[in-house]
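Biologist: Could you walk me through one part of this model up close? I'd like to hear about the open sheet and what packs on it.

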Amino acid sequence: MKKLVVRVSSLLLVVAAGIAIYGYQQVATLTPERVTDDVWVLFGMGGNVGVLRTERGSLIVDTMTFRMQGERIREEAERLTGREASVVLNTHYHSDHTHGNPGFPAGTRVVSTTRTRALLDALDASYWSGAAAETLPNETFDTTHEIRLGGKTVRVSYLGRGHTSGDLVALFVEDRVLHLGDLLFNHRYPNIDLEAGGSIEQWIGTLDRVLAMDGYDRVIPGHGAVTDREGVRQFQSFLREVWEQVSGAVREDKDLEETLRSVQLTQDAGYEAIAVPLVLRLDRDFVVKRAWQEATGTVVPSGPAAQHGEGQQ
Ligand SMILES: [Zn+2]
């Protein structure tokens, strides 16, 4: 019996070690893909990272989920571009786009919207205490801002609510690439952070403004493969379909269960669900539920006092 217990527990140990190694590899692995001569995207565990090479250093959009990933992103960007990473952008406040920031040197230039900085302070303060605070966004803007670095121009804009109430979009002007952060989930079910002022209804209009912008051919989404304007249109048509059907069901006084049963979506053909173990599962029911909550006003934003009212662009 004792022998069996020892054998079982050592087997468990091997399994646990296997899981730990697998987890470490998942976190440590970055897969680069070249988008233009000077732009790469890094895929890994967390939001897609954009890398822009300039003559005076590289600019990094988002830093994934763990400090160690931030370090790996910095090394990989230096390997790809032959330049030090000198500017970081955070598209929004979520941990899978910001928690790698502390992997960059204290005092690194970090750009976000004013709203994203406020959301980090209000909703994620425990992570950003101590040394991590040295890599919080330290250059913020409300509507538009331009970064000029080593012969390149990056135009960042806040175009309205959607995934959260603070998402920026970043245009790499010379390379004609637009990084949309989580305003675009490419062929994946999106998260809608109603608690942080996100809105499916407003998201549709925000993407109208993205589509009205000139000057880009390729689009980097927050999650999923690199795409183009057509990918933005496709995702917008999914959001529109969800919103029309769910707000219609709510006007007919359908409760959540009836709404979940009544919607018939077609625009999500081929969409993948995203599972964050023990935290949330992003699938069709999740999106319908969030739309129902928004349409019935059953979620009250818990972020910092809303500066962004309903009509906010
Ligand atoms: Zn996000």
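Modeller: Sure, starting with the whole chain. Of its 313 residues, 54% count as buried, meaning under 20% relative accessible area with a 1.4 Å probe, protein chains only. Bear in mind that this is a predicted model, where local features need pLDDT of at least 70, side-chain atom pairs count only at pLDDT 80 or more, and totals for chains, interfaces and linings use all residues. Residues are numbered from 1 along each chain as its sequence is written, and side-chain values use heavy atoms, with hydrogens and water left out.

The protein chain has 8 helices and 14 strands; these are DSSP runs numbered from the N terminus, helices being H or I of at least four residues and strands E of at least two.

Now your sheet: 7 strands make it up, open, in the order 1-2-3-4-5-6-7, with mixed pairing. Two strands pair if DSSP finds at least two bridges between them. At the edges sit strand 1 (31–36) and strand 7 (139–141), each pairing on one side only. On average, neighbouring strands here are turned by 20° against each other, direction ignored; axes are lines fitted to C-alpha atoms, for helices over the stretch in contact, and angles run from 0 to 180 degrees between N-to-C directions.

Zoom in on strand 5 (residues 85–89) and strand 6 (residues 109–113): they run parallel, joined by 3 bridges. Val88 has Val110 of strand 6 as its bridge partner. Helix 4 (residues 114–123) packs on the sheet, touching strand 6 and strand 7, where contact means heavy atoms within 4.5 Å. The direction of helix 4 makes about 100° with that of strand 6.

Definitions and conventions:
Buried < 20%, exposed > 50% of the residue type's maximum accessible area, 1.4 Å probe, protein only.
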